[in-house]
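Visitor: I'm new to this structure and would love a close look at one part of it. Could you pick a spot where strands come together and walk me through it?

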Amino acid sequence: MTAFRRVFLPLSHTVVLIAAVGAPLSACTTYRPAPIDPAVTAQAFQDRRADWPAGRIMSEAEALELALVNAPSVHQAKAAYASAVAASRTARVGSVWTLTLTAEYSRQADPQHPWLFGGAVDVPVDAGARREARLDSADLAVLKARYDVAEAVWTVRAALRRALLDRTVARQEIALASAQVALREQRVAAMERRVAIGEDGRSVALAARSDHALARQRLTTAQSAEAQATAALSAALGLPVEAVAGLEVTVDPARELPTLAELRGARLDAATARADVLKAVIDYDLAEQAVRQAVAGQYPQVTLSPGYTWERGVAKLPFNLGLALPPPDLNQAAIREAEARRAEAGKALESVQAAVYAQTDAAVEALRAADDSLIQLRGRDLPLAQRSERLTQRAVQLGELDRTDLIAAQAGVLDVRLAEIDAMRLRAAAIADLEAAIRRPADPAELIVIANAMASLDASS
């Protein structure tokens, strides 16, 4: 019985200590593997289709809603936001405790009580500036991830708007370019006949063929632009190309623009409230927290170590105080580095704000140039070309000119209309750039869709 008490009694103390510490392990989560098969995910994307009735025309707001449901970039940003929220919760759990168990057998120290059992728990003191800086950094990371989602949403919206505009303008260009090719073909045939009967030289027919070749090249370019716009539209909608070929969306290339006073206010708002600007502010705040942590690193990190020891028949309760000392320079190098990174973050913020102003001004100037071009085309060039066509048609009726001259006049009108298409394309792109610069769509329905997409983050977290 004495031997039992010498060996197994202190051992039971240790078992109790281990059981007390290990009890929470019963609530541990079991690892469940979740492998991913790229072939399955690729096929799933290929099988995506728009749940939209055939023949029904979609509004731009409805197209945006569909895009935000499917866009991979938005889903990735939302997943990153969920990760940041989880990391913020983890940061609040606290520091990791360390359990140290000891055992020793020595009959020379005490033949009657040869065993020594003990244990100690190291508890880092997680308080003060270090803890506050860590928690603030985690919260700032969540906020930054939220702004990343906002940027992803807007990127999808901008890509969708640009793809729809490009496809609309390309289709208008195809219609005009096709008519131009038909007229050029008629002129080539007429010139060949005149050359055949000796009325004109061969150079006239060659010039007509050159004009026909240019018209066909313009048509081919327009058809290629439509195909590229369709591919861009499929990317913006998060669907394969086959799924968007039959989708029709109403597009308003000429939207109501803000006045000059409204534009100044919108530009200032964008320079302070755009998601990328706010992300730069968050980066500065994170750099500020890094300075705070570096300053706290001048002081020792305290660790408390309460324990229990059964030393050869005597129970003891030791208590240790551990200090993790700062570097020899009292963390001054780390502080200077953190301060330099904070200054860098401040300059990065200024750079982003300057880019907002530059993008807005560039879009306004491009819009002004496109408007000037349209005014000239519609107010001068097109009326002149149409007047020339009417005069030529009257001269043909009077027998003063022939059919080839009328074809040339009609082709001239189409040339001006094609130039008008180019100016409309530039104007639409300028409007899209302006909306992207101030982060404000002209359609109120789109604002609601974007707000709902951001509100879903709060519901999911």
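Guide: Let's start at a turn: E311 stands opposite V314 in strand 4. Keep in mind as we go that this is a predicted model. Strand 4 covers residues 314–316, and three bridges join it to strand 3, with the two running antiparallel. Together, strand 3 and strand 4 make a hairpin that has two residues between its arms. One residue to look for in that turn is R312, which has a positive phi of about 55°.

Now follow strand 3 and see what else it pairs with. Strand 5, residues 319–324, lines up with strand 3 in the antiparallel sense, and six bridges hold that pairing. If you want a place to rest your eye there, find L304, which stands opposite L321 in strand 5.

Strand 3, residues 301–311, also pairs with strand 2, residues 115–124. That pairing is antiparallel as well, and it runs over seven bridges. Here the spot to find is G118, standing opposite T309 in strand 3. So strand 3 is a handy thread for this tour, since a pairing counts once there are at least two bridges: seven link it to strand 2, six to strand 5 and three to strand 4.

Next, stay with strand 2 and look at its rings. The model has two aromatic pairs by the ring-centre rule. One of them is W115 with F117, a stacked pair with 5.2 Å centre to centre and 10° between the planes. It counts as stacked because the planes are under 30 degrees apart. Ring pairs also bring in Y105, so that Y105, W115 and F117 are linked into a cluster.

How do the two stacked partners sit with respect to the surface, buried or exposed? F117 is buried, at a relative accessible area of 7%. W115 has 24% relative accessibility, so it counts as partly exposed; the cut-off for buried is under 20%.

For one last stop, leave the strands and go to helix 5, residues 129–196, where you'll find E151. E151 is buried too, with 14% relative accessibility. Its side chain makes a polar contact with the side chain of R439, at 3.1 Å. Leaving out residues up to four places away in sequence, E151 touches A275, D276 and K279 as well as R439.

Note on methods: Residues are numbered from 1 along each chain as its sequence is written. This is a predicted model: local features need pLDDT of at least 70, side-chain atom pairs count only at pLDDT 80 or more; totals for chains, interfaces and linings use all residues. Side-chain values use heavy atoms; hydrogens and water are left out. Rings of Phe, Tyr and Trp (its six-membered ring) pair if their centres lie within 6.5 Å; planes under 30 degrees apart count as stacked, over 60 as edge-to-face and the rest as tilted. Buried means under 20% relative accessible area, exposed over 50%, partly exposed in between (1.4 Å probe, protein chains only). Helices (H or I, at least four residues) and strands (E, at least two) are DSSP runs, numbered from the N terminus. A polar contact is a pair of N or O atoms within 3.5 Å; within protein, one must be able to donate a hydrogen and the other to accept it, and residues adjacent in sequence count only if both atoms are side-chain atoms. Contact means heavy atoms within 4.5 Å.
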